[in-house]
Amino acid sequence: MIVTIDRALDAGQVAQLRAHLHTAGDAWVDGRATAGYQGAPVKFNRQIDEGSQAAARCQAIVLGALERHPLFISAALPNAVYPPMFNRYSEGMTFGAHVDGAVRIDPRTGHKLRADISATLFLSDPEDYDGGELEVMDTYGLHSIRLRAGDLLIYPAASLHQVTPITRGERLGCFFWVQSLVRDDGRRSLLFEMDTALQQLNRTGADEEARRTLVGCYHNLLRQWAEV
Ligand code: NI
């Protein structure tokens, strides 16, 4: 399931992030610092050192916004979120086709996190660069995605994906992984569709007893499938 979360961050939060990133100086390092043996040969970008102050400031902004975001919670059912990372693609930079590693180690806690969902938060507007599409390949084919600054894309971490070369300008982004309460993408999609439909029924004031039964079904499915 690929879900776009419009305005995951508002314009003020995006501006704050950009200001931190533009003044991060030496905290920008080679993106290959955190790539595995599959990703390293195809990864050409810069990213913020995970241990830097700039990273900590930016992570707080992103996590603060997401933990209150109902659509993100409904779609991802987060159990643990890897500390967000930040990258920059200038002209000629690219990240070739790869699948993200299955297990990440949280650098702050040493805890392992299973990457069920990959997330990309766009921090540059599409008119600020050419190229730099995020291309995700799933069972329905290839999806080519460029979103507005502040929009978030979540997609199955099992997908093959790439960032095409930048031909003009600069593309700033944030990326991270989520260990979901529900590991299976198909089950998670069903729960998301059900929750979305329930929200709609709530807004339209549909039959209360039927809604109560459906909410019960939602929670009882989640109870069967959740791993905590
Ligand atoms: Ni990736």
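**Cysteines**

I began with Cys217, which is partly exposed at a relative accessible area of 37%. I noted at once that I am working on a predicted model. Next I looked up Cys174. Its relative accessibility is 1%, so I logged Cys174 as buried. Then I asked how many disulfides the structure holds. I found zero. Why does Cys174 have no bond to Cys58? The closest cysteine sulfur to that of Cys174 is the one in Cys58, and it lies 8.3 Å away, which is too far for a bond. The cut-off for a disulfide is 2.5 Å between the sulfur atoms.

**Nickel site**

I turned to the nickel ion and listed its protein donors. They are His98 through NE2, Asp100 through OD and His161 through NE2. They lie 2.1 Å from the ion. Along the chain I read the donor spacing as H-x1-D-x60-H. I then placed Asp100 and His161 in the fold. Asp100 sits in the loop between β7 (94-98) and β8 (103-105). His161 belongs to strand β15 (residues 160-163). The two are 61 residues apart, so I wrote the pair down as a link between distant parts of the chain. Are Asp100 and His161 buried or exposed? I found Asp100 buried, and His161 as well.

**The five-stranded sheet**

I traced an open sheet of five strands in the order β3-β7-β15-β12-β13. The pairing is antiparallel. Which strands stand at the edges? I found β3 (43-44) and β13 (141-145) there. Each has a single partner strand, so one side of each has no neighbour in the sheet. I also checked how β12 (residues 134-138) meets β15. They run antiparallel and four bridges join them. In this region I saw Met137 opposite Leu160 of β15.

**Helix α4**

I checked the length of α4 (residues 185-204). Its 20 residues, at 1.5 Å a residue, should span 28 Å. The end C-alpha atoms are 29 Å apart, which agrees.

I looked at both ends. At the start, a side-chain oxygen of Asp184 comes within 3.1 Å of the backbone nitrogen of Gly186. Just after the helix, Gly205 has a positive phi of about 65°.

Last, I listed the buried residues of α4: Arg188, Ser189, Leu191, Phe192, Asp195 and Leu198. What do they pack against? I recorded three strands, β1 (3-5), β10 (117-122) and β17 (171-180), along with the helices α3 (70-76) and α5 (208-225).

Technical notes:
Residues are numbered from 1 along each chain as its sequence is written. This is a predicted model: local features need pLDDT of at least 70, side-chain atom pairs count only at pLDDT 80 or more; totals for chains, interfaces and linings use all residues. Side-chain values use heavy atoms; hydrogens and water are left out. Donors are N, O and S atoms within 2.8 Å of the metal (3.2 Å for Na, K and Ca); water is not among the atoms, so sites may look incomplete. Buried means under 20% relative accessible area, exposed over 50%, partly exposed in between (1.4 Å probe, protein chains only). Two strands pair if DSSP finds at least two bridges between them. The expected span of a helix is 1.5 Å times one less than its number of residues. Contact means heavy atoms within 4.5 Å. A polar contact is a pair of N or O atoms within 3.5 Å; within protein, one must be able to donate a hydrogen and the other to accept it, and residues adjacent in sequence count only if both atoms are side-chain atoms.
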